[in-house]
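Hi,

Here is the model I promised to pass on. Have a look at it first, and my notes follow underneath.

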Amino acid sequence: MTGHRTLVTCRRVLLQLRHDPRTVVLMLVVPCVLETLLRLIYANRLVIFNQAGAPLLAFFPLMTVFLVTSISLLRERTSGTLERLMTTPLGRLELLNGYALAFGVLATVQAGVVSAVTLGLLGLRFRGPVALVVVLALCVALLGTGLGLLASAFARTEFQVVQFFPLIVLPQLLLSGLLLPRQHMPAALHAISDALPLSYAVDGMHHLSHQAGVSAALVADIAIVLAFAAGALVLGAATLRRQTE
Amino acid sequence: MAPAVEFEGLTVDRGARRVLQGISGSFAAGRVTGLFGPSGSGKSTLIRAIAGVQMRVQGRLEVLGSQAGSAGVRRQLGYMTQAPALYEDLTVTENVDYFATVRGGQRGEVLERLQLTEQASQLVRDLSGGQRARVSLAAALVATPRLLLLDEPTVGLDPLLRRELWQLFRQLAAEGCTLLVSSHVLDEARHCDEVILLREGRILAQLTPAALAARTGTEDLDDAFVRLVEGE
């Protein structure tokens, strides 16, 4: 029964997305547009396009899933549907897993489409297995679900929750090594970047882009991202109270 | 018959305010109990406490023989919040089906009973207020709950529909369901087997609608309420 309630919740979240095709199209098209823009900016410097384009593949699922999760869960909290669900046998983890599963599906589709465009049309090169690019994106999506859930607990309106994006997500991007390799950063910033999950996802994309095969460092990066995701989900679950004021 | 819900010394604090002030009472299984009182009297808080979603509840509160909010109770509970708690971006059927499957049951005839078959495939965000209220009620009725907690289910509905809903509540009780229905329209008390009058977090009286009229010497329930308050 536990698995069943998770699956129907996942199905319900996907149905909500299906009734909003414009959002889904934007989620798929916008990352491709951004990668294309990057490719045009560095038209004569493909090496730089490769260095910046690969990390962005780790950033897009965080951006997309963080936003949809934080807003969806804020709506659950404010519309009363969460309160109603809390009076049913549905467990908090089942609800959370349903969301994570649905947005995992979304992130996988997104990673598939964006990888196809950037690798197929724009000429981005990965030496490592492309399947792992999708796996890494999926791990980042789980992280996005956890962080979005956490953000939704600290906001009362959609205006507020959207402001958590520049607060929680953008610093991770700036410090991830996209702008400057992390080892060249001032020591304090390097230490902070060590504590941020997106850094490991970006490192992982670098490994995939530069090394053939699967290195131990890549596996470690994926494991660390997953551990952060699990931590964020558990913390997020703690904010889903069965009882409220 | 054993009471469906029993509470003793029930206190609820919200912020610095004591919303329920140590009330005691019970209501019987298989009947329609009305919960009446002005807005702010604690009706929703009592319902939320029984549903197991209210924080800072003190005192004894037993629901269907178990502690409020326990997993066993949740399997048998239908709860309708005051504002329609629905997914705006899902259709009527998708909403009702989701709440039915989460509670381990099926949609059944609930859309027919609430005259929602024509709206079945419409998105909730495109419905009128009255239609939303009915969908919200439908989501509480699915999966044949043993206990139905309905917070102001008839508010804002047209009089004909209101009467039909009360007939439906009576029918559900006849089928063995226990209903607790809150309303601030005292006129609706006549549809109940028993009414609980709540004011400022205290139970003013719990009696049958006929006894209420007899005790206060008036058929007009609003007058009766006023007399009870004045006679305190």
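One term before anything else: helices (H or I, at least four residues) and strands (E, at least two) are DSSP runs, numbered from the N terminus. On bookkeeping, residues are numbered from 1 along each chain as its sequence is written, and chains are lettered from A and ligands numbered from 1 in the order in which they are written. Keep in mind that this is a predicted model, where local features need pLDDT of at least 70, side-chain atom pairs count only at pLDDT 80 or more, and totals for chains, interfaces and linings use all residues.

With that in hand, start at helix α1 of chain B, residues 43-51. Right after α1(B) comes G52(B), with a positive phi near 85 degrees. Eight of the nine residues in α1(B) are buried (20 or more other C-beta atoms within 10 Å of the residue's own, with C-beta atoms placed from the backbone; 12 or fewer is exposed, in between is partly exposed). Among the buried ones are L46(B), I47(B), A49(B) and I50(B), but also K43(B) and R48(B).

I50(B) is worth a click. Leaving aside residues up to four places away in sequence, I50(B) touches V5(B), L61(B), V63(B), A68(B), L149(B) and L180(B); contact here is C-beta atoms, placed from the backbone, within 7 Å. Together with A138(B), I50(B) touches the most other members of the largest nonpolar core, which has 139 residues. (Such a core is a set of buried Ala, Val, Leu, Ile, Met, Phe, Trp, Tyr and Cys residues joined through C-beta atoms within 7 Å.) The largest share of this core, 14 residues, comes from helix α3 (residues 46-79) of chain A. Domain 1 and domain 2 of chain B each put in at least three residues.

Now the sheet. Chain B has an open four-stranded one in the order β2-β1-β4-β5, paired antiparallel (two strands pair if DSSP finds at least two bridges between them). β2 (17-28) and β5 (66-67) of chain B are the edges, each pairing on one side only. β1 (residues 3-14) and β4 (residues 57-63) of chain B are joined by six bridges, antiparallel, and T11(B) has Q58(B) in β4(B) as its bridge partner.

As for domains, whose bounds come from an automatic or database domain assignment, chain B splits into domain 1 (1-76 + 147-207) and domain 2 (86-145). Their C-alpha centres are 22 Å apart. Where they meet, twelve residues of domain 1 of chain B contact eight of domain 2 of chain B. On the domain 1 side, β7(B) gives the largest share, three residues, and that side divides into eight nonpolar, two polar and two charged (Ala, Val, Leu, Ile, Met, Phe, Trp, Tyr, Cys and Pro count as nonpolar, Asp, Glu, Lys and Arg as charged, the others, Gly among them, as polar).

Chain A has ten helices and zero strands. Its radius of gyration is 18 Å, which agrees with the value near 18 Å for a compact globule of 245 residues (taken over C-alpha atoms; the rule is 2.2 Å times the number of residues to the power 0.38). Buried residues make up 46% of chain A.

Finally, how many residues does each chain bring to the contact between them? Chain A brings 23 and chain B 26. α1(A) gives the most on the chain A side, five residues, and that side divides into seven nonpolar, nine polar and seven charged.

Cheers

Key
Two residues are in contact if their C-beta atoms, placed from the backbone, lie within 7 Å.
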